[in-house]
Every structure is written in structure tokens, then in C-alpha cells.
Amino acid sequence: MSSTMLKLIEALLVIGGVLGFAVYQLVSVRRQIKADRARADATDEDNGAAH
């Protein structure tokens with residue numbers, strides 16, 4: 001392989017890793033936000049029932 005081809009493959013692997021990590025983080029944060037909202041709604045319902 002030529003050095004240009006190796007540089008291209010390395011760049012694609014780095015970019016792929018960064019994009020993969022970014023997608024993982026977005027999914028993780030969205031999942032956590034959804035769980036936090038559900039927990040807040042459950043707390044609000046519990047407080048409303050007590051009054």
C-alpha cells in the first residue's frame with residue numbers, strides 16, 4: 001500500500017471512532033434525560049396525591 005492510502009485509512013478510523021463516540025454519548029444523554037423526566041413526573045404525581 002502507498003503511504004497516502006495508509007494515511008487515508010488512518011484518518012477514516014480516527015473519524016469513525018470520534019463519530020461513534022459522539023453517537024454513543026448522544027444516545028446516553030438522551031436516555032438519561034428521559035429517565036430524569038420520568039422520575040420527576042413520578043415525584044410530581046406523588047406530591048400531588050399527598051396534598
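Is Leu19 buried or exposed? I looked this residue up before anything else, and I noted that Leu19 counts as exposed, because its relative accessible area is 53% and the cut-off for exposed is over 50%. I should record at once that I am reading a predicted model.

**Entry on the overall form**

I turned next to the secondary structure, and I found 1 helix and 0 strands in the protein. That helix, H1, covers residues 3-50, and Leu19 is found in it. I then checked the extent of the C-alpha trace, which spans about 75 × 10 × 5 Å along the principal axes of the protein. The radius of gyration is 22 Å, whereas a compact globule of 51 residues would have a value near 10 Å. I also asked what share of the 51 residues counts as buried, and I wrote down 0%. For the surface as a whole, I noted that the protein exposes about 4800 Å², with carbon and sulfur atoms supplying 64% of that area.

**Entry on distances along the helix**

I wanted to see how separation in sequence goes with separation in space, and I began with Val29 and Arg39, which are 10 residues apart along the chain and have C-alpha atoms separated by 15 Å. For Leu19 and Ile33, which are 14 residues apart along the chain, I noted 21 Å between the C-alpha atoms. Arg37 and Leu19 are 18 residues apart in sequence, and I recorded 27 Å from C-alpha to C-alpha for them. Finally, I took Ala42 and Gly16, which lie 26 residues apart in sequence and 39 Å apart in space, again from C-alpha to C-alpha.

**Entry on single residues**

I went back to some of these residues to see how far each one is covered. Val29 has its place in helix H1, and I listed it as partly exposed because its relative accessible area is 42%, which falls between the 20% and 50% cut-offs. Ala42 also lies in helix H1, and at 35% relative accessibility Ala42 counts as partly exposed. Arg37, which lies in helix H1 as well, counts as exposed at 59% relative accessibility.

**Entry on the nonpolar patch**

Which residues form a nonpolar patch on the surface? I found Met1, Met5, Leu6, Leu8, Ile9, Leu12 and Leu13 in it, and together they have about 760 Å² of accessible area. I looked more closely at Leu13, whose place is in helix H1, and I noted that Leu13 is exposed, with a relative accessible area of 63%.

**Entry on charges**

Which residues gather in a patch of negative charge on the surface? My list holds Asp41, Asp44, Glu45 and Asp46. Of this group I checked Glu45, which is found in helix H1 and is exposed, with a relative accessible area of 59%. For the charges of the whole protein, I noted 6 positive and 6 negative ones, and their mean positions are 13 Å apart.

**Entry on the salt bridge**

How many salt bridges does the structure hold? I recorded 1 salt bridge, and I found it between the side chains of Asp36 and Arg39, at 3.4 Å from N to O. As general background, side chains of opposite charge can pair when their charged atoms come close. I then looked at where the two partners sit, and I noted that Asp36 and Arg39 both lie in helix H1, 3 residues apart, which is about one turn of the helix. Asp36 itself is partly exposed, with a relative accessible area of 34%.

**Closing entry**

Reading back over my notes, I see a predicted model with 1 helix and 0 strands, in which 0% of the residues count as buried. I also keep in view the nonpolar patch that includes Met1 and Leu13, the negative patch that includes Asp41 and Asp46, and the salt bridge in which Asp36 meets Arg39.

Terms used. Residues are numbered from 1 along each chain as its sequence is written. This is a predicted model: local features need pLDDT of at least 70, side-chain atom pairs count only at pLDDT 80 or more; totals for chains, interfaces and linings use all residues. Side-chain values use heavy atoms; hydrogens and water are left out. Helices (H or I, at least four residues) and strands (E, at least two) are DSSP runs, numbered from the N terminus. Buried means under 20% relative accessible area, exposed over 50%, partly exposed in between (1.4 Å probe, protein chains only). Patches are made of residues with over 30% relative accessible area and no salt bridge: like charges are joined within 9 Å, nonpolar side chains (Val, Leu, Ile, Met, Phe, Trp, Tyr) within 5 Å. Accessible areas come from the Shrake-Rupley method with a 1.4 Å probe; for residues, only the protein chains shown count as cover. A salt bridge is a side-chain nitrogen of Lys or Arg within 4 Å of a carboxyl oxygen of Asp or Glu. Lys and Arg count as positive and Asp and Glu as negative; His and the chain ends are not counted. The place of a charge is taken as NZ of Lys, CZ of Arg, CG of Asp or CD of Glu. The radius of gyration is taken over C-alpha atoms; the globule rule is 2.2 Å times the number of residues to the power 0.38.
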